[in-house]
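The following exercises concern the strand pairing, helix packing, interior, backbone geometry and cysteines of one protein model. Each task is followed by a solution that proceeds step by step.

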Amino acid sequence: MNSSVQTAAQRQELIARLFPGGVPALWCPMITHYRSDGAIDGGRMAAHLKHLSPYVKGFLIPGSTGGGWEMDAEEVRQLLEIALDQSEKLRLHLLIGVLKTDADEAKQTLLDTVAWLKSRADVHKEGGSLARARVCGFTICPPRGADLSQGTIGERLASIFEAGLPTALYQLPQVTQNEMSPDLVAHLADEFANFILFKDTSGADRVALSGRKLDRVFLVRGAEGDYARWLKAAGGPYDGFLLSTANCFGRELDRMTQDLSAGRVDAAKELADRLTSAVNEVFGVVTGLPQGNPFANANKAMDHYFAYGPKAINVAPPRLHGGSRLSIDVIRAAGEALSRHRLMPAKGYLE
């Protein structure tokens, strides 16, 4: 057995242990809810996770959509405490985001998080602490730098994979200012059995469309829009989605994936077209806002209605990490988009 085949077999065994029921096709980078005083709102986070849990079984916390790049270490631990408690109750899978663009800092943060998980679970084996905490792995991204060569990016990522922990790799040129080539990603897949998932949010999809074999690595698309054509069930290159809009459209995205799997292509495309239109409208509204990022801001605006229903316009808008709130105009525009595309919930999950 050659080394790449052996690596793929080891990866398959690892994924089977981490996901005995199969890897979820739909993942969500959870938005972070805040109280008016700026503290993380644990009750709201729990209610939102419970609302999504029938449809979304995998969560990335913290992710870019959750403000992970803006949080300090204490905030991340507070958020993870909430997520870990709810993941255990709701039987969810949790990817912990290690959002650092320096490889050494990322590896140290990863190891510190594992040590914290061990102490929290009061166990002394990494596998036991991860499984007990419902943690299926850690998400990392390339180091930042537009001038970094593929060789340098690969060496620095390899230093993190060498920790041996289940790891998801995140293509995020919007932040890292570079893009991993299909050859580099394939090389990492051949080298490391603990490379379990690849997410691409670039919108270019070069790795997935390249035809390079990433044996047993689960591929998820993170770019929004035109959803129906990207899954393997529809002839596309991806196994699933890791979408910011799963914060709001978990039920609809789950239904679309089920329609595709059952061959109901027209129904899936009709729903995907409505979702794409609504999402494009709301993202257009929040682009250029001075605080937050478009993924977080758009989903906070739409989730306001999923939480409070059609009367959400009368509820104070959601708070952003930086301290400001979304404007009433943004909330109103989001509501109009949801209504126009027949996506407005009849009742909110907080009602």
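**Exercise 1. Identify the partner of Leu-26 in β8 and place this pairing in the sheet.**

Solution. Step 1: the bridge partner of Leu-26 in β8 is Phe-241; helices (H or I, at least four residues) and strands (E, at least two) are DSSP runs, numbered from the N terminus. The model is a predicted one, in which local features need pLDDT of at least 70 and side-chain atom pairs count only at pLDDT 80 or more, whereas totals for chains, interfaces and linings use all residues. Residues are numbered from 1 along each chain as its sequence is written, and side-chain values use heavy atoms, with hydrogens and water left out.

Step 2: strand β1 (residues 26-29) pairs with β8 in the parallel sense over two bridges, where pairing requires that DSSP finds at least two bridges between the strands.

Step 3: the eight strands form a closed barrel in the order β1-β2-β3-β4-β5-β6-β7-β8, with parallel pairing. From one strand to the next, the twist averages 25°.

Step 4: helix α10 (residues 246-261) packs on the sheet, touching β1 and β8, and its direction makes about 170° with that of β1. Axes are lines fitted to C-alpha atoms, for helices over the stretch in contact, and angles run from 0 to 180 degrees between N-to-C directions.

**Exercise 2. Describe the burial of β4 and its pairing with β3 and β5.**

Solution. Step 1: in strand β4 (residues 135-140), six of six residues are buried; buried means under 20% relative accessible area, exposed over 50%, and partly exposed in between (1.4 Å probe, protein chains only).

Step 2: strand β3 (residues 93-97) runs parallel to β4 and is joined to it by four bridges. Within this pair, Ile-96 has Phe-138 of β4 as its bridge partner.

Step 3: β4 and β5 are also paired in the parallel sense, over three bridges. Here Ile-140 has Leu-169 of β5 as its bridge partner.

**Exercise 3. Determine which residues of the largest nonpolar core touch the most other members.**

Solution. Step 1: a nonpolar core is a set of buried Ala, Val, Leu, Ile, Met, Phe, Trp, Tyr and Cys residues joined through side-chain atoms within 4.5 Å.

Step 2: the largest such core holds 93 residues, of which Phe-138, Phe-195 and Phe-249 touch the most other members. Helix α11 (residues 265-286) contributes the most to this core, with nine residues.

Step 3: beyond its neighbours within four places in sequence, Phe-195 is in contact (heavy atoms within 4.5 Å) with residues including Arg-11, Phe-161, Leu-169 and Val-217. A second, separate core of 14 residues includes Trp-27, Leu-197, Val-220 and Leu-242.

**Exercise 4. Classify the crossing of α10 and α12 and list the residues in contact.**

Solution. Step 1: the axes of α10 and helix α12 (residues 294-308) come within 9 Å and cross at roughly 60°.

Step 2: α10 is therefore oblique to α12, since angles under 35 degrees count as roughly parallel, over 145 as roughly antiparallel, 65 to 115 as roughly perpendicular and the rest as oblique.

Step 3: Asn-247, Cys-248 and Phe-249 of α10 make the contact with Asn-299, Met-302, Asp-303 and Phe-306 of α12.

**Exercise 5. Locate the cis peptide bond between Ile-61 and Pro-62, and the positive phi values of Asp-205 and Asp-226.**

Solution. Step 1: most residues other than glycine have a negative phi, and most peptide bonds are trans.

Step 2: the bond joining Ile-61 and Pro-62 is cis, with omega about -10°. Pro-62 lies in the loop between β2 (58-61) and α3 (73-90).

Step 3: Asp-205 has a positive phi near 60° and is found in the loop between β6 (195-200) and α9 (206-209). Asp-205 is buried, with a relative accessible area of 0%.

Step 4: Asp-226 has a positive phi of about 55° and sits in the loop between β7 (218-221) and β8 (240-242). Asp-226 is partly exposed, at a relative accessible area of 38%.

**Exercise 6. Establish how many disulfides the model contains.**

Solution. Step 1: a disulfide is counted for a pair of cysteine sulfur atoms within 2.5 Å. The count comes to zero.

Step 2: for Cys-28, the nearest cysteine sulfur is that of Cys-248, 8.3 Å away. Cys-28 is buried, at 0% relative accessibility.

Step 3: the sulfur of Cys-141 is too far for a bond, because the closest cysteine sulfur, in Cys-136, is 17 Å away. Cys-141 is buried, with a relative accessible area of 3%.
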